[in-house]
Amino acid sequence: MQGAMSENIRHYLEVFRSLTYDAAGSGTPHERLSRLVSRVATELRWDVCSIYVLDEAGGSLVLTATHGLDHRSVGRIRIPIAEGLVGCAASEEKPIFLANAAQDARFRYFPETGEERFVSMAAVPMMRDGRVSGVLTVQTVEPYEFSTADRHFLEILAQHIAQVVDVALTLRSVRSSRVHAFHGTAVSPGIAEARVHLFESSPDRITVAARGFRGLDFEMKLFEKAMSAALAEINQLVHQLNSISPPAAQIFIAHRMMIEDPMFQQDVRKHISKDSESAPRAVAKVMNAYIEKFASIGNPVLQEKSSDLKGLRDTLLRLMMDEKVTRFAPEFEEENMVVVARELTPQQMFQLDASKVVAVLTEKGSESSHVAIIARALNFPAIVGVEAIIDSLHPEDRVLVDGASGYVFVNPDEDLKKQYFARMEENRRRVASIDAELTGAAIPPDRVESDVFLDANIGLPFEIEEATKKSFTAVGLFRTEFFYMQHRMWPDEKVQRAFYARLLNAFPTDTVAIRLLDIGGDKFLSYLPAAREENPHLGFRSVRLLLANPEILRSQIRAIHEAAKETGKIPRILVPMVTHTWELVAVKEILLDVTQGVAYPMGIMVEVPGALFQIEEFAAEADFISIGTNDLAQYLLAVDRNNARVNHLSHPLHPSLLRALSHLRKSLAAAGKPYSVCGEMAGDPISAMALLILGYRHLTIAPPRVSEIRYMLRCLPKELLPTMADPLLSMGEAGISEKILRLALREHAPLLA
Ligand code: PEP
Ligand code: MG
């Protein structure tokens, strides 16, 4: 006992020491306080830790930081002094520790926080210069007796917070942040104003815990129903996967065994019947115990199993929880919503109801993340990397989204809206003027346009028609993964074949480069579960995954080959993320085996730095080469394309990237095989101009970008480009290069500037 107690105290001291350092760390007072409550809660396993600060008038305590309560109530919840446990702790200047808080006469419930599910509570006054300045609270879902060590720790911690954090300043920063604008990376232009739809994609612990018991019969039936639904889903998946990827099928066979395990079922039923737990809560408890058991064993295989089980747990919870937050894709009660999410996967983007979504905001992501690429294709204004927005918004809030500047205004007033609508109108006129410049007129021979090829960069099925409408006659990159993401299972080969036939039929023969499945990194198929990796972009991705799962590759090639036979068109096959020449050779061998000797033009994506200096060898094997600047920049600059925290470290005009692209172009010209650029750089006027200056003449761009790029090509005089090559390559900073290019654009293509 003594040993356990001193162990406890040692742990507290350790946590306390690290908090002391952290409190002096970076960020606004409010950010530091938020970090602190999160650390206290997670390291000491309390479900909630919050800080209430006494307002200037001294009449009420304002919720200023919380881990565990609804973040949206920060700055909104005000507890009158002497009311409720928090108010009493402050007015009596005495800490309160209760194993069952609701039974205490002083307890008051604030529905905005969603705190009815917490049983035990400690409220400790924070004192500064002999006066109360706020209250620190911790709460737990399960009944908890606060030990002497807990009490001492919380009292010391409360005083520590009062000393090191200027609480008054913190309160001001919370207040001022209520009337705000957020800023992120603008990835898809356009302006929209609408109510927010806050989107959480997985059932979180608190939501599950909050769902009350609805009677024995109801909960038992719900559990049985969820098990049968999960089993049906799993059986169907196993059936599909057996022929495509037996290792993936094995994962689901293990899920099936788990669900069918009598011990598991018995445990869940026991929690429901004996402890009156809701079915979701009982399942979460039992599964979490298994997950923790596996995770705590230092064996990577079992740890992997633990993350698999999380997937199974979430499936069961999804099938049982009816709260909105558990839905995989948002459902909208009304038209015109701005979807706000921490992160959206490409799959989730597809599930958005395009007729109701007017803009998308995410906390993660960057210019070249796939979510951004899809948003542009779908024509939503979108801003990614908008830090900490979701917790600051209320479901009733409206936002004005400016997809060109990256600004988001919360509850904008009429003046601001008027300004923006005027800007929208101005932009519409600008686009119309660009289109007018391009229609009818012949291409002047002294302009860059007459030397440049523009191919389409597409991937969504509807973009096939979009590209033909915009007069594209070739597809430089067709990303096939989006087609597979739109299916819940690996599509039948007949379905695949029909899709590829539709694609090939839309363009002349030998002009469509179909890229083989590029899965991994940030793109996953729900029905091909991937092992969790520390560095997915550097891991089991693209051609690596295809060669390890030849049945997937064979199925895709077979479908393309059948579509080629049906349409009489020759497809071009593009292999993603090639790092070794043998990878291309291996894919070719599989292709020839599947097609029984029918060869198609085969190309590679140059998108990893490892391919930059081996162009001669690659060109000897490949018929064409496509340069993926999105991944090339990601790998060359070591900046994760989805990580908003490091996004500012990447720039398409980074001197090393430009010099690498210049070197690459010279190697490609010497190798004598056709080449083009298909990354997002090719579709942005400034970076496309840089590519032209470096000598590239073949660009693959998304259809919505064609007018601006064509207009730029029409405006730029041919003789200008060679004169800018040396200055651009000698520039030591991306920002300066950007200014120089913008100046030139302003002079020659005024409608773009
Ligand atoms: C690229 O990396 O530049 C590219 C075109 O491929 P993706 O964006 O699909 O990774
Ligand atoms: Mg890529």
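In the predicted model, Phe97 stands opposite Ala122 in strand S5, a pairing that belongs to the contact between strand S4 and strand S5 (residues 120-128), which run in the antiparallel sense and are joined over three bridges. These two strands are part of an open sheet of six strands, whose order is S3-S2-S1-S6-S5-S4 and whose pairing is antiparallel. Strand S3 (78-80) and strand S4 (96-98) form the edges of this sheet, since each of them pairs on one side only, and the twist from one strand to the next averages 25°.

The loop between S3 and helix H3 (84-91) holds Ala82, a residue that has a positive phi of about 75° although it is not a glycine. Most residues other than glycine have a negative phi. With a relative accessibility of 43%, Ala82 counts as partly exposed, because the partly exposed class lies between the limits of 20% and 50%. A comparable description can be given for Ser276, which is found in the loop between helix H9 (262-275) and helix H10 (279-296) and has a positive phi of about 50° although it is not a glycine. The relative accessibility of Ser276 is 40%, so this residue, too, counts as partly exposed.

A second open sheet is built from eight strands in the order S7-S14-S13-S9-S10-S11-S12-S8, and its pairing is mixed. The edges are strand S7 (181-183) and strand S8 (185-188), each of which pairs on one side only, and the twist averages 30° from one strand to the next. The mixed character of the sheet can be followed through individual pairs of strands. At one edge, S7 and strand S14 (residues 407-410) pair in the antiparallel sense over three bridges, and within this pair Phe409 in S14 is the bridge partner of Ala181. On going further into the sheet, strand S13 (residues 398-402) and S14 are likewise paired in the antiparallel sense, over four bridges, with Val401 standing opposite Val408 in S14. The hairpin of S13 and S14 has four residues between the strands, and in this hairpin Gly406 takes a positive phi near 90°. The parallel sense is represented by strand S9 (residues 191-199) and strand S10 (residues 337-341), which pair over five bridges, and here Leu198 stands opposite Val340 in S10.

Parallel pairing is also seen around strand S18 (residues 572-575), which pairs with strand S17 (residues 512-515) over three bridges and is joined by three bridges to S19, again in the parallel sense. In the contact with S17, Ile573 of S18 has Ile514 opposite, whereas in the contact with S19, Val575 stands opposite Ile604. In a regular strand the side chains alternate between the two faces of the sheet. In S18, Arg572 and Leu574 point one way and Ile573 and Val575 the other way, and all of these residues are buried.

The magnesium ion (ligand 2) has two protein donors, Glu607 (OE) and Asp631 (OD), which lie 2.0 to 2.1 Å from the ion. Glu607 is placed in the loop between strand S19 (602-606) and helix H21 (615-621), while Asp631 is in helix H22 (residues 629-636), so the pair ties together parts that are 24 residues apart in sequence. Both Glu607 and Asp631 are buried.

Asp631 also takes part in the surroundings of ligand 1, as an N or O atom in the side chain of Asp631 is 3.0 Å from an oxygen atom of this ligand. Two arginines make further polar contacts with ligand 1: a polar side-chain atom of Arg515 lies 2.8 Å from an oxygen atom of the ligand, and an N or O atom in the side chain of Arg641 is 2.8 Å from an oxygen atom of the ligand. The protein covers 100% of the 290 Å² of accessible area that ligand 1 has on its own. In total, 17 residues surround ligand 1, and the closest are Arg479, Arg515, Gly628, Asn630 and Arg641. Two or more residues of this shell are contributed by each of helix H13 (370-378), strand S16 (475-479) and H22, and among the elements H22 gives the most, with three residues.

Methods: Residues are numbered from 1 along each chain as its sequence is written. Chains are lettered from A and ligands numbered from 1 in the order in which they are written. This is a predicted model: local features need pLDDT of at least 70, side-chain atom pairs count only at pLDDT 80 or more; totals for chains, interfaces and linings use all residues. Side-chain values use heavy atoms; hydrogens and water are left out. Two strands pair if DSSP finds at least two bridges between them. Axes are lines fitted to C-alpha atoms, for helices over the stretch in contact, and angles run from 0 to 180 degrees between N-to-C directions. Donors are N, O and S atoms within 2.8 Å of the metal (3.2 Å for Na, K and Ca); water is not among the atoms, so sites may look incomplete. Buried means under 20% relative accessible area, exposed over 50%, partly exposed in between (1.4 Å probe, protein chains only). A residue is near a molecule or strand if one of its heavy atoms lies within 4 Å of it. A polar contact is a pair of N or O atoms within 3.5 Å; within protein, one must be able to donate a hydrogen and the other to accept it, and residues adjacent in sequence count only if both atoms are side-chain atoms. Accessible areas come from the Shrake-Rupley method with a 1.4 Å probe; for residues, only the protein chains shown count as cover.
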